[in-house]
Structure formats: structure tokens, C-alpha cells
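Visitor: Please take me through one part of this structure closely, and explain each term when it comes up. I would like to look at chain B.

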Amino acid sequence: MIEQGSRHGSVSRRTLVRGLAATGALAGIGMPFVARAAEPIRIGFPTPVTGPFGAEAKDQIRSAELAVKQFNETGGLNGRMAELLVRDDKLNPGEAATRTLELIEKDKAHFIVGALSSAVQLSVNEITRSRKVLYVSISQSDTINEAKDFSRYTFHEALNPHMTTAAVAKHTFKKGTRVAYLAADYAYGHEMLRGFKRAAAAIGAETAGEILHPFGAPDYSTFMPRLRSMRPDILCICNFGRDQANSIKQANDFGLKKAARIVVPVLLHNQRLAGGADAFEGVVGASNYYWRLEETVPSAKAFNDAFRAAYANAIPTDYGAYGYTAVRSLLMAVKAAGDTDTDKVIAALEGLTYDVAKGPERYRACDHQAIQSVLITESRKKSEMQGEADLFRILDVEAGSEAALRTCDELGHRA
Amino acid sequence: MQTLDQTVVDAPPGAVKPQRAPRVTAGFSRWRAPLSILALLTLPFLLPSQALAVNVLIYGLYAVGYNLLYGYTGLLSFGHAAFFGTGAYVTGIAIGAYGLHPLLAMGLGTVAASALALTVGAVSIRSRGIYFAMVTLALAQLVYYAALQASSWTGGENGLRGFTVSRIGLGPVSLDILDPQVKYLFVLAFVGAALALISRILASPFGAAIEAIRENETRARACGFDVERSKLLAFVLSGLFCGLSGALSAIHLSIVPLDSLAYHTSGMAVVMTLVGGAGTFFGPFVGALVVLVLEDVFSLWTPHWQLALGTVFILFVLFLPRGLWGSALERLSFRRGQS
């Protein structure tokens with residue numbers, strides 16, 4: 001019995017060794033050959049999977065994967081398939097820089113798309129531009145357009161604070177309107193505040209006062225009476241994420257919504273879900289995408305349908321849509337260039353006009369900023385919502401135009 | 001007063017009592033710096049990527065510098081990010097704004113970090129234990145907010161950019177720093193030199209003096225050591241090596257994120273030193289390696305990598321209180337002692 005058992009054991013071990021050797025040989029000989037036949041098009045995708053923007057990052061990954069899937073289903077680039085290499089940047093610029101180096105040096109990524117914070121995107125950009133790798137940023141930023149951070153390898157698919165604030169101000173500010181500002185005291189809040197004040201000056205709206213609050217403040221009760229005493233027609237709240245939900249809730253509690261209209265630079269799907277319908281009711285803001293755009297824009301309908309089919313009837317969100325528009329436009333350019341050569345793809349992207357989810361878009365030549373429409377939306381009253389996902393009402397769609405951007409001169413680009 | 005003072009000294013709150021290097025491994029200690037460098041030479045072949053290997057070098061040096069103060073002198077600082085960040089920022093600004101030669105800029109960054117360490121040290125070594133940790137933390141936070149406010153210099157929230165070093169000219173040769181292998185060797189050259197220097201410092205009478213202070217401050221004082229000055233010198237040296245690691249990180253990443261000054265960067269030094277083994281020469285490097293590799297690997301597998309990492313840390317604290325390297329050394333000497 002014992003002998004049999006031991007023999008049985010040794011035989012199986014030998015088989016295992018043989019099997020392993022065979023697998024190793026296959027992997028060593030066969031695989032590189034297969035891989036060489038059609039080297040995949042590798043797109044590195046650093047995004048903050050963990051951290052406060054995890055929900056947005058998840059939406060972006062799903063949308064980006066959809067774009068890759070569609071590209072592959074239509075035959076890829078003459079049989080070359082695309083693949084998405086998702087990396088967690090942990091919302092940390094240092095980590096993002098390391099991950100991007102890894103993607104370029106080890107994974108040999110052809111292109112980099114992604115990032116969801118101003119600092120992270122700028123650090124990724126710093127790595128990619130020095131290594132001459134094309135990067136499509138999908139994080140809201142004014143800085144990346146400016147000549148100092150720009151390079152010919154840098155593309156910015158997202159809206160920028162200048163565009164969104166100008167569109168919101170155009171829709172809500174009038175001559176003589178008194179506007180009070182509550183802004184988060186960091187880069188994002190400052191850029192939004194600057195954009196609004198600039199638009200207000202052009203329209204002729206008055207500044208009733210401004211208050212900066214610390215980033216991540218949980219309590220706004222000390223600011224509210226001060227804001228109220230400014231007697232504004234409009235209260236403009238320039239912050240992001242949980243700050244936005246908290247400050248809007250507390251503005252509600254202090255009855256500020258009855259006295260003034262609340263306006264935010266970006267009104268986002270996930271933040272509205274977190275804040276609740278009652279707190280957000282009547283708040284006006286801008287966004288890059290809202291799924292009900294499908295009623296007027298055919299490409300939005302196509303995008304939504306594909307997304308619903310792929311992800312059990314879910315609908316794409318605004319920040320998620322960036323993942324789709326960025327990757328889709330990049331892959332269209334790859335197809336147009338017929339190659340993954342960086343210079344050829346840059347030329348193709350510069351010449352591309354794409355309509356994949358929200359009407360026609362194109363990259364401006366001087367700063368590679370995507371010229372695109374801005375949606376002005378208003379948060380719906382709970383009783384008026386038609387279904388769970390019906391969060392907003394589209395008030396207006398500001399068509400994309402170069403006039404909405406700062407001029408190339410102002411950004412420091414020389415013609 | 002005297003008795004009160006003594007009771008505080010005998011049981012410094014929060015301070016660990018790391019072991020002296022066991023006797024059997026003493027033979028190694030002569031060769032510890034060259035052996036460490038040899039071990040580090042193999043890293044790029046063992047780790048998943050060069051970028052990660054360079055990070056291990058940089059954070060390893062950071063933790064070794066920290067260990068000089070924590071593991072050897074017995075002072076638990078919670079503000080070493082200030083020195084790491086200052087080294088990085090000054091290097092970046094010197095290259096970006098003033099066009100200095102990268103080596104000169106790194107030197108400047110290291111000197112600036114040491115100068116800061118002199119100031120912070122002079123203020124903080126008057127206190128002990130948890131108060132010392134709090135003072136260093138508070139001063140480091142001051143530096144953090146100063147960098148946040150001085151955004152025209154530091155880039156504020158967005159971090160410092162625009163100083164990418166692609167080539168470093170050394171007389172007739174020019175190193176291509178964008179090549180990951182060259183960059184690894186470049187960084188290793190500095191880390192190796194720093195390790196040799198630290199090894200020398202620890203072997204000197206001064207090294208014995210700071211260990212005496214760690215073991216029993218009152219007795220060290222009674223033996224005639226100038227305790228205050230030794231502590232301050234240890235603090236400055238620690239700041240110097242942390243500053244150098246910051247300068248190297250600026251060259252490596254070609255950005256300086258504001259996070260490099262944040263308190264969790266200070267916490268990293270503590271965690272790496274504890275995981276590897278406080279008061280051992282090579283332990284902090286092992287700690288940096290384990291922490292960074294686990295982070296890298298786990299975050300590829302699962303979005304819940306923090307949970308996995310936390311569990312591993314708890315296990316370390318429970319079962320390897322002397323850290324990985326410290327426990328390994330102890331076991332080695334125990335076995336030899338028995339046979």
C-alpha cells in the first residue's frame with residue numbers, strides 16, 4: 001500500500017514536471033512568435049481606483065474599455081488589437097509618475113490616457129513629454145493648456161475650468177447680478193473662481209463678496225451667515241466632491257437657497273447621487289456629458305446603447321464619458337494614421353474631427369484642447385424625476401467654439 | 001527635578017529598544033556597506049520594473065537616514081518628510097529656475113535639507129518622547145504649508161514641474177538619465193556612497209555615543225558624553241541623508257509633488273524602518289523593499305490593496321516585532337550561539 005502510494009506520488013510529480021517543461025517551452029518559443037504577428041496597441045490608463053474619486057475612476061475604466069472593445073470588434077488596426085493597461089495612481093502624483101514610467105519602460109505602452117486630478121495629470125504629462133509619448137489627459141485643468149506645461153505630445157480631452165465657468169456664467173449671470181463666491185482654497189477652487197470672476201466682469205455682474213474655505217472642510221456653518229449677509233442673487237460654490245455635497249446641504253439648512261440661486265461650475269452625476277435630490281434641487285452647473293443628451297444627439301444614443309448592452313443596462317456618467325471620448329478619439333487617429341508611430345498619430349489627432357458621444361469635437365492646434373460642447377444642467381426636483389437615473393434637466397447646450405477658450409496668445413503659445 | 005527627569009529618561013514613551021547588532025554578525029558589519037551595495041545591484045533583475053527599483057533605492061536611503069535618528073539615537077521623529085521634500089524642492093528649483101548643473105543642484109538640495117534639520121533639531125531635541133514627535137510633526141507641517149503658499153516657487157498644489165533632467169554631463173561623459181538602467185546606476189552610486197558614509201559614522205566613537213544615548217541617556221551623560229550636541233548632530237546627519245534621497249527622487253520622477261512634504265511621507269519612514277528592523281544597518285532597506293513591492297503588486301491585483309497591506313503590517317507587528325531584517329539577524333546569531 002505504502003509503496004504503491006509513493007510510486008503514484010512520484011509518477012504524478014514527474015508528469016507535473018514534464019507538463020511544466022512543455023508549458024515553459026511553449027511560452028518561450030510559441031508566444032513571442034504569436035505576439036510578433038500582431039503586436040497589440042497598448043494604451044496605459046493611470047486612474048485613481050482607490051481614494052475619494054474611486055467611483056469616477058471606475059466609470060472611466062468601464063467607458064474606456066468599451067471604446068477598446070468597439071475598436072477591436074471592428075477589426076482593430078488591420079488586425080492589430082488594442083489593449084487597455086489600467087493602473088491605480090492612488091490620486092498621488094508621485095505614484096502616478098512611477099506608474100507612468102513603468103507603463104512606458106516596462107509595458108512599452110504606445111499611448112497614455114487618463115488621470116483625474118490636476119496635480120496627477122501634470123505629473124503624468126511631465127513624464128510623457130520628456131519621453132516623447134503621446135498623452136491624452138481627461139482631468140479638468142487650465143494649467144495644462146498653458147505654454148509652460150504644454151508639449152506637442154500633450155492633448156487635453158476634458159473641459160477646462162475656463163470653458164465651464166464661462167458657460168455657466170453666460171447662462172445665469174446678468175448685468176448687475178450680485179454674486180457671492182464660496183470657493184475651496186486649492187488649485188481647483190482658485191481656477192474656477194478666476195474663471196467665474198472673469199466671466200462676471202465681461203457680463204457686468206457684481207461681486208458681492210468671496211470666502212475661501214479649507215479643502216475638505218466638513219462644517220460650513222460659520223460661512224453661511226456671512227454669505228447671507230452679502231445679500232447675493234447668486235451663490236456660486238466652487239468646490240468638488242464631498243465638499244460640494246456638504247456645502248450645498250448646509251446652504252440649504254441655512255435657507256440660502258430661498259434667498260439666492262445656487263450655481264456650481266461642474267454638476268456631476270456621482271456627487272448629485274451622494275448629495276441627494278432635495279439638497280441639490282434647483283442647483284445649476286455645467287458638465288461634459290449627461291445621458292439624456294441621447295434625445296437630441298445621435299452619437300450619444302449610440303454610446304448609451306453600447307454602454308447599456310455591455311454593462312447590464314447601466315448608463316454612462318459624465319466623468320466616465322471622458323474615458324470613452326478620449327480613447328475613442330485616440331484610436332480613430334491611430335486608424336487614420338495607419339500606424340502607432342507617435343508623430344503620425346499626433347498629426348492625425350490634430351486633423352481629426354470626431355463625434356463619438358456628444359456632437360462634433362476637435363483638438364485646437366496651438367494647445368491641443370478639445371473644442372467641445374458644454375452642457376448646462378439643473379438638478380431635478382425629486383417629484384419630477386422620471387426614473388432613478390433622471391437626475392438633471394438640460395437647460396442649454398453651449399456648442400463648442402474656439403471663442404470659449406482663452407486665446408493661444410494668452411496661453412503663451414507663439415504662432 | 002532630578003528624579004523626575006530620570007524616570008522620564010528610563011522609559012521614553014513610544015521609543016523602541018532595538019538590539020545591538022548580535023555578536024556573530026559582527027564580522028559582517030565590516031563589510032556591511034559593500035555587501036548592501038552588491039545586494040542592491042541585483043534589485044533591477046528581481047523587481048517587476050526599473051522605476052520601482054529606483055523608488056526602493058530612494059526610499060531605502062530615506063529610511064536608512066531616518067533610522068540613524070530613530071533606530072540608533074532612539075528619537076522618534078514624525079517630521080522627516082520636511083527634509084525629504086526640501087531636498088527635492090530645492091534640487092528642482094535650482095535646476096528649473098536657475099539652470100544649475102544637476103549635481104550642483106542636488107548638493108544644494110542636500111545642504112538645504114541639512115540646514116533645515118539643524119533648525120528643526122535645535123528646537124525639537126529639547127523635548128522627549130511623544131512631545132518630540134509632536135514638535136517635529138508640527139514643524140514639518142509648517143514647511144508643508146509654506147510650500148503650498150509659495151506657489152510661484154513650488155507650483156503649490158500642482159507640484160513642481162519643468163525641470164526634467166534628460167542628460168547629466170560629467171566632464172567628457174554625458175549620462176542619459178532617461179535610460180532606466182543608467183538612471184538606476186546613477187542613483188545607486190549616490191545611495192552606495194551614502195551607505196558607506198553611514199557605515200563609517202556608525203563605526204565611529206560618535207556612533208557608539210548615540211547608541212549609548214539610546215540605551216540610557218542619563219548614564220551617557222554621566223559618562224561625559226555631550227548628549228545635546230550628539231543628538232543634534234545625529235538629527236542633522238539624518239536630515240542630510242533624507243535630503244539626499246529627496247534630491248534623488250526629484251531627478252528620478254522629474255516632478256516634486258506636494259505630497260512629498262506631507263505627513264504620510266513622514267509616516268512612510270517610520271513604517272519602513274519598523275517593518276525592516278529599527279537599529280539595524282540594512283533593515284530599513286528591506287522595509288522599503290517590502291512596503292513598496294507589496295503596494296505595487298497588491299494594487300495590480302485588487303482595488304482593496306490597502307486592506308491586504310494593512311493585514312501584512314499587523315502580522316509583522318505581532319510576529320516580527322524586531323522587523324524582518326532584525327529578526328533574521330537575531331535568529332542567525334541564536335543558531336550560531338547554540339552550536
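Guide: The answer goes through the helices and the hairpin of chain B, and then turns to its partner chain.

The model is predicted, so to speak of local features a pLDDT of at least 70 is needed, and side-chain atom pairs count only at pLDDT 80 or more, while totals for chains, interfaces and linings use all residues. Residues are numbered from 1 along each chain as its sequence is written, and chains are lettered from A and ligands numbered from 1 in the order in which they are written.

Two packed helices are described by the angle between their axes and the distance between the axes. An axis is a line fitted to C-alpha atoms, for helices over the stretch in contact, and the angle runs from 0 to 180 degrees between N-to-C directions. Helices (H or I, at least four residues) and strands (E, at least two) are DSSP runs, numbered from the N terminus.

Start with helix H6 (residues 81-96) and helix H8 (residues 129-149) of chain B, whose axes are 9 Å apart at an angle of about 30°. H6(B) and H8(B) are therefore roughly parallel; angles under 35 degrees count as roughly parallel, over 145 as roughly antiparallel, 65 to 115 as roughly perpendicular and the rest as oblique. The crossing of H6(B) with H8(B) is left-handed, a term used if the near helix is turned anticlockwise from the far one by less than a right angle, with right-handed used if clockwise. From H6(B), the residues B:Ala81, B:Ala82, B:Gly85, B:Thr86 and B:Tyr89 meet B:Leu139, B:Ala140, B:Val143 and B:Ala147 of H8(B). Residues are in contact if their C-beta atoms, placed from the backbone, lie within 7 Å. Seven residues of this contact are nonpolar, two are polar and none is charged. Here Ala, Val, Leu, Ile, Met, Phe, Trp, Tyr, Cys and Pro count as nonpolar, Asp, Glu, Lys and Arg as charged, and the others, Gly among them, as polar.

Next come helix H10 (residues 180-203) and helix H13 (residues 227-253) of chain B, packed at about 175° with axes 11 Å apart. H10(B) and H13(B) are therefore roughly antiparallel. H10(B) brings B:Lys183, B:Val187, B:Phe190, B:Ala194, B:Ile198 and B:Ile201 to the contact, and H13(B) brings B:Leu237, B:Phe241, B:Leu244, B:Leu248 and B:His252. By class, the contact of H10(B) with H13(B) has nine nonpolar residues, one polar and one charged.

The hairpin is next. Strand S1 (residues 167-170) and strand S2 (residues 173-176) of chain B are antiparallel and share four bridges; strands pair if DSSP finds at least two bridges between them. B:Ile168 has B:Leu175 in S2(B) as its bridge partner. Two residues lie between the strands of this hairpin, and B:Gly171 has a positive phi near 60°.

Last is the contact with chain A. Chain B gives 26 residues to it and chain A gives 25. On the chain A side, helix H3 (93-105) and helix H4 (118-130) each supply at least two residues. That side of chain A has nine nonpolar, eight polar and eight charged residues.

Definitions and conventions
Two residues are in contact if their C-beta atoms, placed from the backbone, lie within 7 Å.
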